[in-house]
Amino acid sequence: MGSAALRHLHGSFLRPRGGPPELEPGKVTVVGSGRSFAWTPAAGSLLDVALAAGIALRSGRRVGQCESCAVAVVEGRFAHLVPVEGEQGACLACQAAPLTDLTIAL
Ligand code: FES
């Protein structure tokens with residue numbers, strides 16, 4: 001997901017009621033790896049930025065359907081670009097943007 005998709009996320013899917021979510025740069029920590037990376041709204045999805053940081057996350061077609069990129073969210077908040085059904089405490093990294101500093105487990 002590129003920055004255009006994140007602008008769409010910011011401007012469309014999550015706009016109602018409380019206003020758009022604040023997309024601020026943040027830190028993503030990967031539990032058990034000793035690794036972390038910086039995420040910025042312009043850099044893309046959680047998956048895009050993790051891969052750019054050299055952290056090998058699993059992925060498939062990257063359209064939010066196969067769940068190959070699912071990661072457990074240990075701490076922090078995130079938003080998905082597309083409506084996602086699934087368990088609480090997990091996100092699809094190809095469609096996710098952190099809303100706070102995030103701790104994930106692979
Ligand atoms: S890569 Fe398939 S849902 Fe993310």
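Is Gly 64 buried or exposed? Gly 64 counts as buried, because its relative accessibility is 18% and the cut-off for a buried residue is under 20%. The legends below refer to a predicted model.

**Figure 1. Overview of the protein, with 2 helices and 7 strands.** Read from the N terminus, the order of elements is α-β-β-α-β-β-β-β-β. The chain has 106 residues, and 36% of them count as buried. Among contacts with a separation of 6 or more, 51% are between residues 24 or more positions apart. The accessible surface amounts to about 5900 Å², with 50% of it belonging to carbon and sulfur atoms.

**Figure 2. Confidence along the model, and the stretch 11-17.** Mean pLDDT for the protein is 84. A value of 70 or more is reached by 80% of the residues. Over residues 11-17, by contrast, pLDDT stays under 50. For this stretch the model has 9 contacts beyond four places in sequence.

**Figure 3. The open sheet of 5 strands.** The strand order is 2-1-7-3-5, and the pairing is mixed. Strand 2 (35-39) and strand 5 (90-92) are the edge strands, each pairing on one side only. From one strand to the next, the twist averages 35 degrees. Strands of a sheet pair through backbone hydrogen bonds, and the pairing may be parallel or antiparallel.

**Figure 4. Strand 3 and its pairing with strands 7 and 5.** Strand 3 covers residues 70-75 and strand 7 covers residues 102-105. These two strands run antiparallel and are joined by 3 bridges. Glu 75 stands opposite Thr 103 of strand 7. Strand 3 is also joined to strand 5 by 3 bridges, and this pair runs antiparallel. Here Ala 70 has Leu 92 of strand 5 opposite.

**Figure 5. Cys 69 and Cys 91, two cysteines without a bond between them.** A disulfide is a covalent bond between the sulfur atoms of two cysteines. A search of the whole structure gives 0 disulfides. For Cys 91, the closest cysteine sulfur is in Cys 69, at 7.4 Å. Since a disulfide needs the two sulfur atoms within 2.5 Å, the separation of 7.4 Å is too far for a bond. Cys 69 counts as buried because its relative accessibility is 3%. Cys 91 is buried as well, as its relative accessible area is 1%.

**Figure 6. Surroundings of Gly 64, in the loop between helix 2 and strand 3.** Helix 2 spans residues 46-52. Apart from neighbours within four places in sequence, the residues in contact with Gly 64 are Leu 92, Cys 94 and Gln 95. Leu 92 is also the residue of strand 5 that stands opposite Ala 70. The C-alpha atoms of Gly 64 and Ala 96 are 9.2 Å apart, and 32 residues separate the two in sequence. From Pro 83 to Gly 64 the C-alpha to C-alpha distance is 8.7 Å, with a sequence separation of 19 residues.

**Figure 7. Arg 62 and Glu 67, two residues with positive phi.** Arg 62 is found in the loop between helix 2 and strand 3. Glu 67 has its place in the loop between helix 2 and strand 3. Phi of Arg 62 is near 65 degrees, a positive value although the residue is not a glycine. Phi of Glu 67 is positive at about 70 degrees, again in a residue that is not a glycine. Arg 62 is partly exposed, with a relative accessible area of 39%.

**Figure 8. Pro 83, in the loop between strand 4 and strand 5.** Strand 4 covers residues 78-80. Why does Pro 83 count as exposed? Its relative accessible area is 72%, and exposed means over 50%. Gly 64, at 8.7 Å from Pro 83 between C-alpha atoms, is buried at 18% relative accessibility.

Methods:
Residues numbered from 1 in each chain as written. Predicted model: local features only at pLDDT ≥ 70, side-chain atom pairs only at ≥ 80, totals over all residues. Heavy atoms only, no water. Pairing = 2+ DSSP bridges. Helix = DSSP H or I, 4+ residues; strand = E, 2+ residues; numbered from the N terminus. Axes fitted to C-alpha atoms, helices over the stretch in contact; angles between N-to-C directions. Buried < 20%, exposed > 50% of the residue type's maximum accessible area, 1.4 Å probe, protein only. Contact = heavy atoms within 4.5 Å. Areas by Shrake-Rupley, 256 points an atom, 1.4 Å probe, with all protein chains shown as cover. pLDDT = per-residue confidence, 0-100.
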